[in-house]
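Trainee: I should like to examine how the descriptive terms applied to this model are justified. May we take them one at a time?

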Amino acid sequence: MSGDGREGGRRDDEVRGARRIPGPRGAVDDLDLETVERPVLPPPGGSAPDESVPEQGVPEEGAAAPEPDEPYEPEEREEPEEREEPEEPDRPEEPDEAVPVPESAHAVTADATASAPVLSHRVLKALLGAWALSACSAEETAAVEDHLTVCAPCADEALRLRDAVGLLHTDGSLDLDPALRTRVLDGCLGRRPARVPIPEWATAYDAETARLDALLRDIGDSDWHAPVRLQWFEDERAVTRRTTVAGVIGHLMAVDGLVSAALGLDDPLAGTGTAGTEASGGPEVPLSPTRRTETYWAATYPPATRAVREPWRALTHELIRTTSLAGPNVAERSVSYGEFALPLQDALLDRAFECWVHGTDIAEAVDYPYKPPSAAHLHRMIDLAARMLPAALAGRRGAGLAGPARELVAPGAPGRSVHLEVEGHGGGDWYIALDSPAAVGSPDRAVAQVALDGVEFCQLVAGHISPVEAAAGQEGDREAIRDVLFASASLSRL
């Protein structure tokens, strides 16, 4: 083939319809860019160049083929009689992949870039993730959306990515379900029961200490010094005490020592030299919960920090392990609270109730979501309070704070009662004997009815709401209802 495009004496006009293959480019370093005449680009729309612009020289015979980035090449017009129809000037074919455009071309065609950029399929596919997240520029978004109308695989992928992005923007809470731990343990124990199961009456304490420990793990170091307001009901009025999150955990550990002593374990206050002092009447007499707490706070200097969490949690684990290994008879072992005593099974239920109440106090102080216990555990806590109400009524009557007994009956006989109807979460029906702690509550002897929500009743028992402010449905003997409500609040303590 000769350099003038002829082969065997024939011109290449016979194959004019074939695509032109550009010649090789010279190395950039071999070119003197100052001596190279810049090409004149056609105006937008592909029309012929303006005749006012000097026409570039047509390559003579033997000259190299024009460079591929010349956007326009004049057509050779010879022997028009041999052509059946006029031909348009040959234009370089658009490549499959996007070709970078020289900066000079961008400067000339700046007004023509308002439309979406011409991007390759590979680039557009890579932009689908950013498009689904609405992170593309306006030009890229237009190019991607135009491409999705003609490319089915990319359209399917874009739909899947948009669905995935929708899952990232959920309105649901990210906090774990409080019942998740119970469900996981039930599933595990259903497949392989524990060698030494936790007694049923100790499960509420196990669950509430675990929930409180999960809260403590989530808070930061500074939150341990956040102020917490403890509140209870005493001498017919509300009493408050300010402490910190660390102080609340120290209080729980000090009172847990009562259960620890009943099981023959070490008292957590023994290290401070305060447990079983002469002020308490001898080494065998435990301090009351309030005095134990005040003693612990006074002996803790500087104030407690998050370091108190580990000994408290170790003590709760030891109590659950010892209770589980002690056998069934340990449930009735007496736990002294100084002024009164409870069986071990009720004492652990009381400790579970206090863990929940003070866990709520801590959660409010650090702005942490904290839900009530499960319905089964809350029902047992309400039942314990209902069983303690007759003795509390008798104590208030002896102090002149409740109405006199009207009908004394033999122990175990049904007596005048108040129907306590607890609604909602963990609710049920209880009949509270009014005149004697040894009497039995009976629906046949009910003289009044009071209705409260389950959580609201527990807040009343904890001393967080006043008996007067309790939103209760009341019917029947007003004096009996008042005595029961105030006796419920009197169960609270520090």
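Mentor: Let us begin with A204, which in this predicted model has its place in helix 7, residues 203-218.

Trainee: Why is A204 called buried?

Mentor: Buried means under 20% relative accessible area. A204 has a relative accessible area of 0%, so A204 meets that cut-off and is buried.

Trainee: What makes L349, A352 and H377 contacts of A204?

Mentor: Contact means heavy atoms within 4.5 Å. Leaving aside neighbours within four places in sequence, A204 is in contact with L349, A352 and H377. In addition, the C-alpha atoms of A204 and L378 are separated by 8.5 Å, although these residues are 174 apart along the chain.

Trainee: Which strands form the open sheet, and in what order?

Mentor: The sheet has 4 strands in the order 6-5-7-8, with mixed pairing.

Trainee: Why are strand 6 and strand 8 said to stand at the edges?

Mentor: Strand 6 (428-433) and strand 8 (473-476) each have a single partner strand, so one side of each lacks a neighbour in the sheet. From one strand to the next, the twist averages 30°.

Trainee: How do you know that strand 5 and strand 7 pair?

Mentor: Pairing requires at least two bridges between two strands. Strand 5 (residues 414-423) and strand 7 (residues 440-453) are joined by 9 bridges, so the two strands pair, and they run parallel. L420 stands opposite V450 in strand 7.

Trainee: Which helices meet this sheet?

Mentor: Helix 12 (residues 375-398) packs on the sheet, touching strand 5 and strand 6, and its direction makes about 15° with that of strand 6. Helix 14 (residues 478-490) lies across strand 5, strand 7 and strand 8, at about 65° to strand 7.

Trainee: How do you know that the length of helix 14 is close to the expected span?

Mentor: The expected span is 1.5 Å times one less than the number of residues. Helix 14 has 13 residues, for which 18 Å is expected, and reaches 18 Å from its first C-alpha to its last.

Trainee: What caps the N-terminal end of helix 14?

Mentor: D477 does: one of its side-chain oxygens lies 3.0 Å from the backbone nitrogen of E479. A polar contact needs N or O atoms within 3.5 Å, and the 3.0 Å separation satisfies that distance.

Trainee: What covers the buried residues of helix 14?

Mentor: The buried residues include A480, I481 and F486. Among the elements covering the buried residues are strand 1 (227-234), helix 12 and helix 13 (454-461).

Key:
Residues are numbered from 1 along each chain as its sequence is written. This is a predicted model: local features need pLDDT of at least 70, side-chain atom pairs count only at pLDDT 80 or more; totals for chains, interfaces and linings use all residues. Side-chain values use heavy atoms; hydrogens and water are left out. Axes are lines fitted to C-alpha atoms, for helices over the stretch in contact, and angles run from 0 to 180 degrees between N-to-C directions. Buried means under 20% relative accessible area, exposed over 50%, partly exposed in between (1.4 Å probe, protein chains only). A polar contact is a pair of N or O atoms within 3.5 Å; within protein, one must be able to donate a hydrogen and the other to accept it, and residues adjacent in sequence count only if both atoms are side-chain atoms.
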